[in-house]
Amino acid sequence: MVLRQTGERIEVAPRDFPTNRGGLCQKGWTAADLLDHPDRLTTPLLRDRPGGELRPAGWDEALDRVAAGLRAVRERHGPDAVAVFGGGGLTNEKAYALGKFARVALGTRHIDYNGRWCMSSAAAAGMRAFGLDRGLPFPLADLGRADTLLLVGANPAETMPPLMRHLADQRERGGRLIVVDPRLTATARQADLHLQPLPGTDLAVANALLHIALTEGWLDRAYVADRTTGFDEVRRTVAGCWPAEAERLSGVPVADLEATARALATVDRAIILTARGAEQHAKGVDTVTAFINLALALGLPGRPGSGYGCLTGQGNGQGGREHGQKADQLPGYRRIDDPAAREHVAAVWGIDPAALPGPGVPAYQLLDSLGTAHGPRALLVFGSNPVVSAPRAARVESRLRDLDLLVVADFLRSETAELADVVLPVAQWAEEDGTMTNLEGRVLRRRALREPPPGVRTDLAVLAGLAARLGAPGAFPTDPAAVFAELRRASAGGPADYAGVSWDRIDADTGVFWPCPDEDGPDSPRLFADRFPTPDGRARFRAVTHRPAAEPVCADYPLHFTTGRVLAQYQSGAQTRRIAALRRAAPGGFVELHPDLAGRLGVADGEEVRVVSRRGELRAPARLSPAIRPDTVFAPFHWPGAARANSVTNDAVDPVSGMPEFKICAVRVEKA
Ligand SMILES: Nc1nc2c(c(=O)[nH]1)N[C@H]1C(S)=C(S)[C@@H](COP(=O)(O)OP(=O)(O)OC[C@H]3O[C@@H](n4cnc5c(=O)[nH]c(N)nc54)[C@H](O)[C@@H]3O)O[C@H]1N2
Ligand SMILES: Nc1nc2c(c(=O)[nH]1)N[C@H]1C(S)=C(S)[C@@H](COP(=O)(O)OP(=O)(O)OC[C@H]3O[C@@H](n4cnc5c(=O)[nH]c(N)nc54)[C@H](O)[C@@H]3O)O[C@H]1N2
Ligand SMILES: [Mo]
C-alpha cells in the first residue's frame, strides 16, 4: 500500500503490485486511524509496587528501572531467568535485533515468539520434507494458473481478501477450487466442492486422498523415483487408509474424496495450500506432512503452477521466522545448535561462539514456566498480546502475574501491557523504515512517512538503550539500514540468504525473493525446479497416520470447539478493536452454532451462551448458522474478557513444532 499525507491526515491507498493487484482489505484502509488515536501511548508507564497503578514516567527512569530489574534477576537466578517474547509483525530488522539482544545483551536461551502459534507446524513439516521453509515456494500469481486448487483450513475471503483476486482468475480460466473447512465459509461458498470434515481429521482425509490416487494408478512414478526418498513406507501406510474409514472419522463422503483426488491427480497443474485450520493442532506437523506426501506422489512441487504451500499469516510472518527470534534459531534460518552456524553468527556479532546460549523452548512451554521455580522471572514482550492470544489464556495470565518483572513495548495499552511493570511506548509502522518478507518469500520495503510523535521511541532505540545500560558487547544500531546491512552478513550462506538483497534492489524491482546470495546474481521466485535443498537434493516422504484430537468429546463435554477469525478484526484485537469502522462491522465476540444444535439446547439467535471446557469458559451471544456442522461450535479469538475464546482452548501442543491445539477441544454449551 502507499501512504499520502494530506494536510494533517494520513491516507492509505492500495498500490498496484503483483501480490495484491491493487487490492487492500478494510484493515489496511483504516490502519492510519491508529497513528494519532487517543489511546496511543506517548510516554513510558511504570508501576511502583505490585497491585499499584501504572503512572507516566520519563524514558531514562523507565529504562533504568528495566535494566536494574533485569540485572537483579540475572544476578540472583542466572541469565536464563530472563526471557523475551517477540512477534511476527515486527520488521526483519527488529526481529533480528531482538534475537541478537536476547543472546548477546541478556545472554539468555529463552526467546520465542507468536509465530509459534501461527506458522510453526507448516514450517517444521516443510523443513522435514523439502529441507527449507518458505510459505509459498512460488509467486502468489501461480494460484491463478492452477487447474485445481485445494485449500485446507484456510478462509482467505476473510483473512486475506486481496488473495481472492488470484482465485477469481483461477476460476475464470476454468480451474476448480476445493475447500476443506468444518464451516461453509465465505471462501467455501465460492468453491466448486466443499468438504466439511469434523475438526482435527484432515490427516485422515489426506491419507485417504493418497490411497485413492495410488489405487487409481495416478502416482507420478518418474518424479517419485528421481526426486524423492522414503515413498515405500508411505505407500505401505496409506494402503491401510481406506476412504470409508476416512469418511467415518471426518464425515466427508467417499464420493467427495474420490472427486477431490481425481481433480488433483488428473490435471496438468494442481496446488495444495494449508493454513491454520489444518495446522493449529497437536498433530499439525503430521497433518501438513500428509498433504505434502500427496503433493509429492502427484509430482507437484517444483512444477510451474503446481506444488504445496502454506498461507503465512502475519504481516511479517515469513521474515519474522527467519532471523532469530525463534528459540532454536540464528539469523538466516540457521540452527543455534549447529557449530558452523554459531561460529559464523558469533563472528558477525563480535563475540566468542562459546558465549552464545543454546536453544530455548517453544512459546507455550516458555510462557507456562514463567514465575515458577524452574522458569524465567523477567519477561520482555515486543509485538504480541498473549493475554488474549495464547492458548489456555487464564493460566498464561496468572503466570505473567507471577513474574518479578514484566516489560511490554507497545504503542497501545494492550491487555498484556495492562499487567506490565513497565510499558515502553514505541513507534508504529508509518514512523520507521524497515523490511518485511511476505508469504511468497519476497522481501519488501516498509517506508517511514513521518517522525514518531514526541515521547515515542522505536523498538530498535529501546533495545539499544537497554543494551547500553546492560553493558552489552557488540553493536546495537538504531538505524534500520545499518541493522539490515548486518542482517545481510549474518544471513549470508544460511538457508534464508539475504546477502544479495539491498534496499535499492528492492526499490528497483517488485521486491526480491530469497535466497539471494549475490547482489549481482538472480533471486529465487520459484524454488525446487531441479532439486530440493536437502543433502541429497531429494524431497523426503514420511509416513504419518491419523490420531484423535488431544481431548476427545465425552458425556460432560460433548461438542467440538474450534476458533478462528473474522474479516474486520485482527488477532488479539488490540489494534482493530480501537477503530470505529471495524468495531461497527464486528462489535464483539459470538458463538457460531447450527440451528439444530441450538434447538436441542433451547437457544435462540442472539441469546447469550456459555461455552465451557475443562480449562474455563467464554460467554457471548449465540449466532445461529446452518453453515457450521451441528457437532461443532466456533468462536473468533479477537476479544478479551468474558468473550475470550482462549479461556476455553486446549494447551496441548504438537511434539515437533510446539504448536498449540487452538482448533479443537471438547466443550459443552449452555444458556448463560
Ligand atoms: N481479518 C483477519 N485477517 C487475518 C488475521 C486476523 O486476525 N483477521 N490474522 C492473520 C494471521 S496471523 C493468520 S495466521 C491468518 C490465518 O488465516 P486462516 O487460516 O484463513 O484463518 P482462521 O480463521 O484461523 O482459520 C481458517 C479456517 O479454518 C477452519 N477450521 C477450524 N478447524 C479446522 C480443522 O480442523 N480443519 C480444517 N480443515 N479447517 C478448520 C475455520 O473454520 C476457519 O474458517 O490470517 C491473517 N489474516
Ligand atoms: N484461539 C485462537 N488463538 C489464536 C489463534 C487462533 O486461530 N485461535 N491464532 C494464533 C495466531 S496464528 C497468531 S499469529 C496469534 C496472534 O496474536 P498476538 O501475538 O497477540 O498478535 P497481535 O494481536 O497482533 O498483537 C500484537 C501486539 O503488538 C503490538 N504491536 C504491533 N506492532 C508492533 C511493533 O512493531 N512493535 C511492538 N513493540 N509492538 C507492536 C500491537 O499493538 C499488539 O498489542 O494469535 C494466536 N492465537
Ligand atoms: Mo498467525
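**Exercise 1. In which strand is R176 found?** Place the residue, then describe its exposure and its neighbours.

*Solution.*
- Step 1. The model is a predicted one. In this model, R176 belongs to strand 8, which spans residues 176–180.
- Step 2. Take the exposure. The relative accessibility of R176 is 34%. Partly exposed covers the range between under 20% (buried) and over 50% (exposed). R176 therefore counts as partly exposed.
- Step 3. List the contacts, leaving out residues up to four places away in sequence. R176 touches D147, T148, L149, Q170, D192, A259 and A263.
- Step 4. Add a backbone distance. A191 is 15 residues from R176 along the chain, and their C-alpha atoms are separated by 7.5 Å.

**Exercise 2. Lay out the domains of the chain and relate domain 1 to domain 2.**

*Solution.*
- Step 1. Read the domain assignment. Domain 1 is made of 35–117 + 317–467, domain 2 of 120–311, and domain 3 of 559–671.
- Step 2. Compare centres. The C-alpha centres of domain 1 and domain 2 are 35 Å apart.
- Step 3. Count the contacts. Ten residues of domain 1 meet twelve residues of domain 2.

**Exercise 3. Between which domains does ligand 1 lie, and why?** Then describe its shell and polar contacts.

*Solution.*
- Step 1. Find the source of the shell residues. Both domain 2 (120–311) and domain 3 (559–671) contribute, so ligand 1 lies between them.
- Step 2. Pick out the nearest residues. There are 31 residues around ligand 1, and T159, D181, R565, Q569 and Q571 come nearest.
- Step 3. Assign secondary structure. Helix 5 (156–159), helix 12 (276–279) and strand 22 (559–564) each give at least two residues to this shell.
- Step 4. Sort by class. The shell of ligand 1 holds nine nonpolar, 14 polar and eight charged residues.
- Step 5. Check the backbone contacts. A backbone N or O atom of V180 is 3.2 Å from a nitrogen atom of ligand 1. A polar backbone atom of G277 is also 3.2 Å from a ligand 1 nitrogen. For Q571, a polar backbone atom lies 2.7 Å from a ligand 1 oxygen.
- Step 6. Work out the cover. Ligand 1 taken alone exposes 910 Å², and the protein buries 99% of that.

**Exercise 4. Which domains give residues to the shell around ligand 2?** Describe the site in the same order.

*Solution.*
- Step 1. Domain 1 (35–117 + 317–467) and domain 3 (559–671) both supply shell residues, so ligand 2 lies between these two.
- Step 2. Of the 29 residues around ligand 2, N114, S384, S389, D410 and S572 come nearest.
- Step 3. The classes are ten nonpolar, 14 polar and five charged residues.
- Step 4. Turn to the ligand nitrogens. A backbone N or O atom of A409 is 2.9 Å from a nitrogen atom of ligand 2. Side chains contribute as well: a polar atom of D459 lies 2.9 Å from a ligand 2 nitrogen, and one of N646 lies 2.8 Å from a ligand 2 nitrogen.
- Step 5. On its own, ligand 2 has 930 Å² of accessible area, of which the protein covers 96%.

**Exercise 5. Is R450 buried or exposed?** Give its location and a side-chain partner too.

*Solution.*
- Step 1. R450 sits in the loop between strand 19 (442–446) and helix 18 (459–469).
- Step 2. Buried means under 20% relative accessible area. R450 has 19% relative accessibility, so R450 counts as buried.
- Step 3. The side chain of R450 makes a polar contact of 3.1 Å with the side chain of D36.

Terms used. Residues are numbered from 1 along each chain as its sequence is written. Chains are lettered from A and ligands numbered from 1 in the order in which they are written. This is a predicted model: local features need pLDDT of at least 70, side-chain atom pairs count only at pLDDT 80 or more; totals for chains, interfaces and linings use all residues. Side-chain values use heavy atoms; hydrogens and water are left out. A residue is near a molecule or strand if one of its heavy atoms lies within 4 Å of it. A polar contact is a pair of N or O atoms within 3.5 Å; within protein, one must be able to donate a hydrogen and the other to accept it, and residues adjacent in sequence count only if both atoms are side-chain atoms. Accessible areas come from the Shrake-Rupley method with a 1.4 Å probe; for residues, only the protein chains shown count as cover. Helices (H or I, at least four residues) and strands (E, at least two) are DSSP runs, numbered from the N terminus. Ala, Val, Leu, Ile, Met, Phe, Trp, Tyr, Cys and Pro count as nonpolar, Asp, Glu, Lys and Arg as charged, and the others, Gly among them, as polar. Domain bounds come from an automatic or database domain assignment. Buried means under 20% relative accessible area, exposed over 50%, partly exposed in between (1.4 Å probe, protein chains only). Contact means heavy atoms within 4.5 Å.
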